[in-house]
Amino acid sequence: MWKILVGIKDLMVLAAMLLFFGVLFGAMAARGGGAKPVGEGALLLKLDGPIVEQTSEADPFAALSGDGSPKEYRLRDVVRTLDKAASDDKVKAVVLDLDSFGGGYPAVTNEVAEAVRRVRDKKTVLAYATAYTDSGYRLAANASEIWMNPMGGTLFMGLGGSQLYYKGLIDKLGINAHVYRVGKYKSFVEPYTRDAASPEAKEEVVKLYEVLWGQWKEAVAKARPKARIADFLATPDKVIVAAQGDIAKANLDAGIVDKLGSRLDFNKHVADLVGAEKDKPAGSYKTIKYDAYLAANPLSDTGGKIGVITIAGDIIDGKSQNGSAGGDTVAKLVLDGLAKKDLKALVVRVDSPGGSALASEVMRTAISQAKAQKLPIVVSMGGVAASGGYWVSTAGDRIFAQPTTITGSIGIFGIIPTFENTLKKIGVTTDGVKTTPISGQPDIYSGTNAETDAIFQAGIENGYRQFITRVANARHKTPAQVDEIGQGRVWDGGTARQLGLVDQFGGLNDAIAEAAKRAGLKAGDYHAEYLEKKPGAFAKLIEQFTKSNNDDEDAATSGGDAFSRISAERRAVFARAVGDVKRIGTGAAVQARCLECEALGSQRPVQGDVALMQLILARFGW
C-alpha cells in the first residue's frame, strides 16, 4: 500500500510539472509568436563566451538551477549576423562588447575579424572592454573605435606557456604507463612518459607558434597600422613601469585603444550616434539584440539542398551530445540525411583535435556512402582538423581550410596504465593461472607481458598504416610521401596547402559554393541543409526560460582588468589539464589526438573539467 501511495504521489508531482511547463510553454509561444521584426539602432554583440563551431548541449536542469555552462556563440551565426548587418539600413552601428569574450581558435577569430572589417567598411563599429585578450583584440582591432575602461588595461600574452608532465607523479604512485605509438612527433603521450617535452615536440610547436603568432601580428598591424604594439610584445615590463603602472594610459598613448572611458561614457557615446532609448536611464541607446536579430534573419531554405554535417569537439566512441562528435551519432545523422535522397552534395565541416580512431573511421565510412549516391563531398576545416579530424577529412573530394587552421598530426597512439608497482607499495601481490600467453591481459594488477606489448604495438602500427593509406589515396600521394609529412606533425593551414594536405583557402560558405558547383547548381539556386540533432520541445522551453540577457546593455558585466583576465586564463588551462587526465583514462584505447591543438582554442574550459578541478582543489583545502 505504501508503494502504491508513493507511486501516486510521484505521478501527481510529474503531472503538476508537465502542466506547469505546458502552460509556461504556451504562454511564451503566444508571447513570442515567432520571430519579431527588429527596430533601428545599434546591433549589440555581447560576446560573453567563446566562439565555437557547434554549441554544447546544455543540461536543462543545470540551466534551471543557474549552474549551466558558459554561453557559446556559433561561428556561422556570428559571421552571418555581421554580414547581414553590413547591408541593413536598420543597423546604424555595431557594438562589440568583449569584456568577457572567451576566445576561439586563430582561424575562428580571424574569420570573425574579417566579418567585422566588412561591416566597418560600410558603417561604424565600436568595441568596448575593461581589458582585451589577444583574441579579443584581434576582433577589436577591426573596429572604427576601440574603447577601454581607464581602470583596466591590455597586456598581450602571445602563444605558449607551460604544459603539465605527470611522469614524476606516475612514478611516485607506482603507475606503469604502457605507451604504444607511431609518429616521431606524436607528442600527446609525452606528459605521461616524460618529465619534459622532447626536442622533436618543441621543434614542432616552435614552428607552429611562429606561423600563428606571426599571422596575428600581421593582421593586427594591418587593421591598426598606427598602433605601437611592438614594445608591448618585446618589453612589456619597461613600458608599464615607464607609465607608472597605468596600463590603460600606456595603451592609449601607444594607439592600441582610441579612448578611455567608463561603460556609461561609452553607452552615452553610442546613444549620440544611434539615438537614446526614451524613458530609460542615462546611457541607454537604441539596441538591436543579437538573438532577436539572428531569429529575424533565418537561413534560406529555397533551391537544392547541400547537406552539411558538423564534426566538432572531441571524437568519441558511441553516441554524443552537441559539442562532441560521437562516431555513432554523426554516422546516423549522415546516413539519415542520405536516406532521404534529396541532397545534391555533402559538405563535411570539421573542427576537432581528434580522439578515438575507431569513431573517426565509423564517421568516415558513413560519409563515404555519399559517393554511392554520386554526390560530391567537400571538406571544410574550421579552427582545427587534426589527427582524427584529418582522418575523417580523407573522405572528401576537395578540402578547404584557413591559413591559420591547425591540421595534420597524422599519427596514432594508445595508453594502458597498470598498477603492479602501486600494489607492491601497499603490500598487495597477485597470482593466478593462465591458459594462453595473453590470458587476463592487459593485466592492470600485474602489468602487461612481452606478448601483449608486441600485439598492441603491432595493432597501433597497423592503424597508422591504415591512416597514411587513406590519406595517400585521398591526396593522390604514395604512403611513403604521407609518412614523410605525417609522423604526428602538426601544420598550419598555409603549410598544409603547400604539402598537399589542403586544396585551397576558404571558409564554410566557400566549401558550400564549391559543393553546389560540383553538383551543377547555380549561385542562388541552393541552400545549406544542416544535418544535426534538433532540440526537443522541453529543451527549447528551458532555453527560452533561462535565456540570458547577454546582449542587454542593462546587464553588462565586467570581465575584469588585465590581471583578472590573465588569472582566469590560467585557471582555464589548469582545468583543461585536469580534464585531459580524465579523458586519457576513460577514453578509447587507440586514439588519434593532437596535444598542441587544444591549447590554441577557447579560453573557456569544459564545464565538467571545471567541476573536477574544483573537487580536487577542495580535497586539498584550496
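In this predicted model, one aromatic cluster is formed by Tyr 132, Tyr 137, Phe 156, Trp 213 and Trp 216. Within this group, Tyr 132 and Tyr 137 make an edge-to-face pair, with 6.2 Å from centre to centre and 75° between the planes. Since planes over 60 degrees apart count as edge-to-face, the angle of 75° places the pair in that class. Both partners are shielded from the surface: Tyr 132 has a relative accessible area of 3% and is buried, while Tyr 137 is buried at 0%.

The cluster belongs to a wider set of ring contacts, as a search of the whole structure finds 11 aromatic pairs. Another of these joins Tyr 128 and Phe 266, whose ring centres lie 5.0 Å apart. The planes of these two rings meet at 35°, so the pair is classed as tilted. Tyr 128 belongs to strand E5 (residues 124–129) and Phe 266 to helix H12 (residues 263–274), so this contact ties together parts of the chain that are 138 residues apart in sequence. Here too the rings are hidden from the surface. Tyr 128 has a relative accessible area of 1%, under the 20% limit, and therefore counts as buried. Phe 266 is likewise buried, with a relative accessible area of 1%.

Aromatic rings also meet positive side chains. The charged end of Arg 76 sits over the ring of Tyr 530, at 3.6 Å from the ring centre. A second example is Arg 497, which lies over the face of Phe 505, 4.6 Å from the centre of that ring.

Turning from contacts to empty space, the model holds five cavities of 30 Å³ or more. The largest cavity has a volume of about 70 Å³. Its lining is made up of 14 residues, and those closest to the centre are Gln 54, Asn 322, Ser 324, Val 330 and Leu 333. Two elements each give two or more residues to this lining, namely strand E10 (304–312) and helix H14 (327–339). Helix H14 provides the largest share, with three residues. What is the make-up of the lining by class? Seven of the residues are polar, five are nonpolar and two are charged.

How values were computed:
Residues are numbered from 1 along each chain as its sequence is written. This is a predicted model: local features need pLDDT of at least 70, side-chain atom pairs count only at pLDDT 80 or more; totals for chains, interfaces and linings use all residues. Side-chain values use heavy atoms; hydrogens and water are left out. On a 1 Å grid over the protein atoms alone, a cavity is a set of points where a 1.4 Å probe fits but cannot get out, and a pocket is an open set with protein on both sides within 12 Å along at least five of seven lines; lining residues have an atom within 4 Å of a point. Grid points are joined across faces, edges and corners, and a volume is the space filled by probe spheres set on the points. Helices (H or I, at least four residues) and strands (E, at least two) are DSSP runs, numbered from the N terminus. Ala, Val, Leu, Ile, Met, Phe, Trp, Tyr, Cys and Pro count as nonpolar, Asp, Glu, Lys and Arg as charged, and the others, Gly among them, as polar. Rings of Phe, Tyr and Trp (its six-membered ring) pair if their centres lie within 6.5 Å; planes under 30 degrees apart count as stacked, over 60 as edge-to-face and the rest as tilted. Buried means under 20% relative accessible area, exposed over 50%, partly exposed in between (1.4 Å probe, protein chains only). A charge sits over a ring if NZ of Lys or CZ of Arg is within 6 Å of the ring centre and within 35 degrees of the ring normal.
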